[in-house]
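Work through the exercises below with the model open. Each task is followed by a worked solution.

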Amino acid sequence: LVLLWPLLGAGPLVLDEHVAYWIVGPDNPGTLLERSLDVAATPPLSFWMQRAAITLFGESELVFRAPSAVCYLLAIGVTFLLGRELLGDCAGALAALLVAWHPGVLDQVRIGRPYGATLFLAALAFWMTARWKRQPQSRWTGVGWVAANGALLWTHYVNLPAILLQFVILTGVPRVLSRPGGPSWGRLMVAAVALVGISVPLWPSVLRIWEWSPFLNFMRTEPSFLGTLGTLWWAGLPAGWVIAW
């Protein structure tokens with residue numbers, strides 16, 4: 001909560017927040033769903049949260065940004081549950097602190113964009129993955145997994161790789177990423193079909209964004225692969241691999 005304190009005096013909306021408000025604003029042309037799926041580059045779930053907030057508490061910058069901040073706080077708690085599920089209470093507490101204090105995370109969750117919701121739903125989905133791995137016969141865990149990942153798809157299109165990574169973990173194919181056990185292939189296929197069904201209304205938007213992609217990139221030159229990884233890639237990649245192993 002202390003780290004979120006700058007949210008109270010963050011001032012007027014910034015560029016991307018104006019885009020979000022254009023989608024959310026009740027007086028703008030069309031409906032929220034039409035603006036999100038037919039024109040914008042993000043699905044509507046986080047915008048529904050913002051619409052609910054300004055409907056209940058009135059229009060202001062703070063109210064508009066509050067859903068993202070609340071999702072960030074929820075993500076800290078769910079990350080603790082994920083760490084505890086894997087390695088116990090101490091690991092859960094350390095993981096929660098890493099999320100709470102991550103400077104890149106804090107920069108994104110204090111603005112009215114989908115990133116706080118993405119953080120929360122991703123933590124929830126990976127927690128469901130860990131629980132489903134441990135309790136492969138639990139029907140409700142599987143339903144929770146599908147719901148969390150379906151919500152993740154409806155929050156941002158770029159969340160798809162996180163879902164694919166969960167499938168890799170649940171199948172247990174690369175042993176370095178997974179432990180034995182997990183749901184049967186039949187249950188995984190049912191979950192996959194359910195997710196495909198949930199995502200069907202998003203397909204036209206994805207195709208539209210793919211067509212528009214040359215105009216959505218504001219970088220004058222494409223960053224190099226090593227530049228994308230960061231300046232300390234030579235240390236970060238080996239360290240990450242050793243820690244994961």
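**Exercise 1. Place Leu3 and find its surface partners.**

Step 1. Leu3 lies in the segment before helix 1 (15–24). Helices here are DSSP runs of H or I with at least four residues, numbered from the N terminus.

Step 2. The model is predicted: local features need pLDDT of at least 70, side-chain atom pairs count only at pLDDT 80 or more, and totals for chains, interfaces and linings use all residues. Residues are numbered from 1 along each chain as its sequence is written, and side-chain values use heavy atoms, with hydrogens and water left out.

Step 3. Check exposure. Leu3 has 36% relative accessibility, so it counts as partly exposed. The classes are buried (under 20% relative accessible area), exposed (over 50%) and partly exposed in between, with a 1.4 Å probe and protein chains only.

Step 4. Add the partners. Leu3, Leu94, Leu97 and Trp101 make a nonpolar surface patch of about 410 Å². Such a patch takes Val, Leu, Ile, Met, Phe, Trp or Tyr residues with over 30% relative accessible area and no salt bridge, their side chains joined within 5 Å.

**Exercise 2. Trace the salt bridges and say what they connect.**

Step 1. Count them. The whole structure holds four salt bridges. The criterion is a side-chain nitrogen of Lys or Arg within 4 Å of a carboxyl oxygen of Asp or Glu.

Step 2. Take Glu17 and Arg65. Their side chains meet at 2.7 Å, N to O. Glu17 belongs to helix 1 and Arg65 to helix 4, so this pair ties together parts 48 residues apart in sequence. Both Glu17 and Arg65 are buried.

Step 3. Take Glu85 and Arg131. This salt bridge spans 3.6 Å, N to O. Glu85 sits in helix 4 and Arg131 in helix 7 (residues 115–134), so the pair links parts 46 residues apart in sequence. Glu85 counts as buried because its relative accessibility is 15%. Arg131, at 23%, counts as partly exposed.

Step 4. Look for shared partners. Glu85, Arg131 and Arg134 are joined into one network by salt bridges that share partners.

Step 5. Take Arg110 and Asp107. Their side chains form a salt bridge at 3.7 Å, N to O. Asp107 is in helix 6 (residues 103–109). Its relative accessible area is 48%, so Asp107 is partly exposed.

**Exercise 3. Compare sequence separation with distance in space for two pairs.**

Step 1. Asp107 and Leu4 are 103 residues apart in sequence, and their C-alpha atoms are 9.7 Å apart.

Step 2. Trp241 and Leu152 are 89 residues apart in sequence, with 27 Å from C-alpha to C-alpha. Trp241 is in helix 13 (residues 233–244). Its relative accessible area of 56% makes Trp241 exposed.

**Exercise 4. Describe the largest cavity and its lining.**

Step 1. Count and size. There is one cavity of 30 Å³ or more. The largest cavity has a volume of about 40 Å³. A cavity is a set of points on a 1 Å grid over the protein atoms alone, where a 1.4 Å probe fits but cannot get out; lining residues have an atom within 4 Å of a point.

Step 2. List the lining: Ser46, Met49, Gln50, Pro67, Ser68, Arg113, Pro114 and Ala117.

Step 3. Assign elements. Helix 3 (45–57) and helix 4 (61–87) each give two or more residues to this lining. Helix 3 has the largest share, three residues.

Notes:
On a 1 Å grid over the protein atoms alone, a cavity is a set of points where a 1.4 Å probe fits but cannot get out, and a pocket is an open set with protein on both sides within 12 Å along at least five of seven lines; lining residues have an atom within 4 Å of a point. Grid points are joined across faces, edges and corners, and a volume is the space filled by probe spheres set on the points. Patches are made of residues with over 30% relative accessible area and no salt bridge: like charges are joined within 9 Å, nonpolar side chains (Val, Leu, Ile, Met, Phe, Trp, Tyr) within 5 Å. Accessible areas come from the Shrake-Rupley method with a 1.4 Å probe; for residues, only the protein chains shown count as cover.
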